[in-house]
Amino acid sequence: MPHDTDLDRRLAAGAAVAREAGRLARRYFERRADLTVEVKGPQDLVSVADRAVEELIRARLSALFPEDAVVGEEAGGLAAARVWVVDPIDGTQNFLRGLPWFGVVLALMVDGRTELGIIYDPNTDELYTARRGGGAFLNGESIRVSGCAQLDKAVIGVGHSPRHAPHVFLEPFTAVIEAGAQTRNLLTAALQLAHVACGRLDATWDPYLLPWDVLAGILLVEEAGGAAAPYQLRPDFSGGAPLLAGTAALVDALRPLVTDRADKE
Ligand code: IPD
Ligand code: CA
Ligand code: CA
């Protein structure tokens, strides 16, 4: 494990890289009509913007920390003892439709544990940062999850995708609605987690998300005083798993409705 000063340096550098990457994403966003869109899978799109932003992040991180590995959504990579896990644009579908809800996501994992989480929203110029044991921050100000403990007072982020059968979402979703919660699907799992960390949402749940969608945001929520159900991460970062994070009381209340139920599928 690196010394604390190494993590401090990586947090400051990672934040600067996320801001620069976000500015590049915004420039592509402004001319999105000119971008060729490729289909990676059902409802799964990619454009030159995703690739160029990831390339920028890789170039900066490799120059600053040549000994660190990088795993990114678009260009892959191999896991290592110290590895940055990168989603260059979380919310690609929003991006390509002109909806200004997307973010740049960087997590640093050391020996299989997330030590740093960085999410940048270039549309609002909001930078979310967390360091394990060091708290969570929005543009340098300390943030906390909401105090919400009741499902019938909660607003909960949700998400679903063609990567799972519809009932895996619909049955728990019905239970959440029946419990009286309001829901939002912002189509960006990372920003939903960031909004939980600063108390704008009370919890967030999706039956299947990939590591680069969630690792940074889970740390943000935990460091903001919230909780997450265990996220089943494979050592090579392949595949996805259910995500549930929020205030500790809501995670307890939601677990039997969502993740525990999905585990039985
Ligand atoms: C997507 C977003 C979305 C979630 C999808 C993800 P992408 O990431 O996080 O909220 O519902 O499952 O794939 O493709 O925009 O990076
Ligand atoms: Ca993503
Ligand atoms: Ca992405």
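**View 1. Strands S8 and S9 pair in this predicted model.** S9 covers residues 141-142. S8 and S9 run antiparallel, and two bridges join them. Phe 137 has Ser 142 in S9 as its bridge partner. The two strands form a hairpin, with two residues between them. Asn 139 sits in that turn. Its phi is positive, at about 50°.

**View 2. A hairpin of strands S7 and S8.** S7 spans residues 126-131 and S8 spans residues 135-138. The pair is antiparallel, joined by four bridges. One bridge partner to look for is Ala 136 in S8, which pairs with Ala 130. Three residues lie between S7 and S8. Gly 133, in the turn, has a positive phi of about 80°. S8 thus appears in both views: it is joined to S7 by four bridges and to S9 by two.

**View 3. Ser 146 in the loop between S9 and S10.** Strand S10 covers 155-158. Is Ser 146 buried or exposed? Ser 146 counts as buried because its relative accessibility is 17%, under the 20% cut-off. Its side chain has two contacts to find in this view. The side chain of Ser 146 reaches the backbone nitrogen of Cys 148 at 3.1 Å. A polar contact of 2.6 Å links the side chains of Ser 146 and Asp 202. Leaving aside residues up to four places away in sequence, Ser 146 touches Val 196, Gly 199, Asp 202 and Thr 247. Asp 202 is therefore in this list of touching residues, as well as a side-chain polar partner of Ser 146.

**View 4. The calcium ion (ligand 3) and its protein donors.** Glu 73 (OE), Asp 87 (OD) and Ile 89 (O) coordinate the ion. The distances are 2.2 to 2.3 Å. Along the chain, the donors follow the spacing E-x13-D-x1-I. Asp 87 is buried, at 1% relative accessible area. Ile 89 is buried too, at 2% relative accessibility.

**View 5. The calcium ion (ligand 2) and the bridging residue Asp 87.** Which residues supply the protein donors of the calcium ion (ligand 2)? They are Asp 87 (OD), Asp 90 (OD) and Asp 213 (OD). These donors lie 2.1 to 2.2 Å from the ion. Their spacing in sequence is D-x2-D-x122-D. Asp 87 coordinates both this ion and the calcium ion (ligand 3). The two ions are 3.8 Å apart. Asp 90 is buried, with a relative accessible area of 6%.

**View 6. Ligand 1 and the residues around it.** There are 15 residues around ligand 1. Asp 90, Gly 91, Thr 92, Leu 187 and Ala 189 come nearest. Three separate atom pairs involve oxygen atoms of the ligand. An N or O atom in the side chain of Asp 90 is 2.7 Å from an oxygen atom of ligand 1. A polar backbone atom of Gly 91 is also 2.7 Å from an oxygen atom of ligand 1. For Ile 89, a backbone N or O atom lies 3.2 Å from a ligand oxygen atom. On its own, ligand 1 has 370 Å² of accessible area, and the protein covers 91% of it. Two of these residues also appear at the calcium ions: Ile 89 coordinates ligand 3, and Asp 90 is a donor to ligand 2.

Methods:
Residues are numbered from 1 along each chain as its sequence is written. Chains are lettered from A and ligands numbered from 1 in the order in which they are written. This is a predicted model: local features need pLDDT of at least 70, side-chain atom pairs count only at pLDDT 80 or more; totals for chains, interfaces and linings use all residues. Side-chain values use heavy atoms; hydrogens and water are left out. Two strands pair if DSSP finds at least two bridges between them. Buried means under 20% relative accessible area, exposed over 50%, partly exposed in between (1.4 Å probe, protein chains only). A polar contact is a pair of N or O atoms within 3.5 Å; within protein, one must be able to donate a hydrogen and the other to accept it, and residues adjacent in sequence count only if both atoms are side-chain atoms. Contact means heavy atoms within 4.5 Å. Donors are N, O and S atoms within 2.8 Å of the metal (3.2 Å for Na, K and Ca); water is not among the atoms, so sites may look incomplete. A residue is near a molecule or strand if one of its heavy atoms lies within 4 Å of it. Accessible areas come from the Shrake-Rupley method with a 1.4 Å probe; for residues, only the protein chains shown count as cover.
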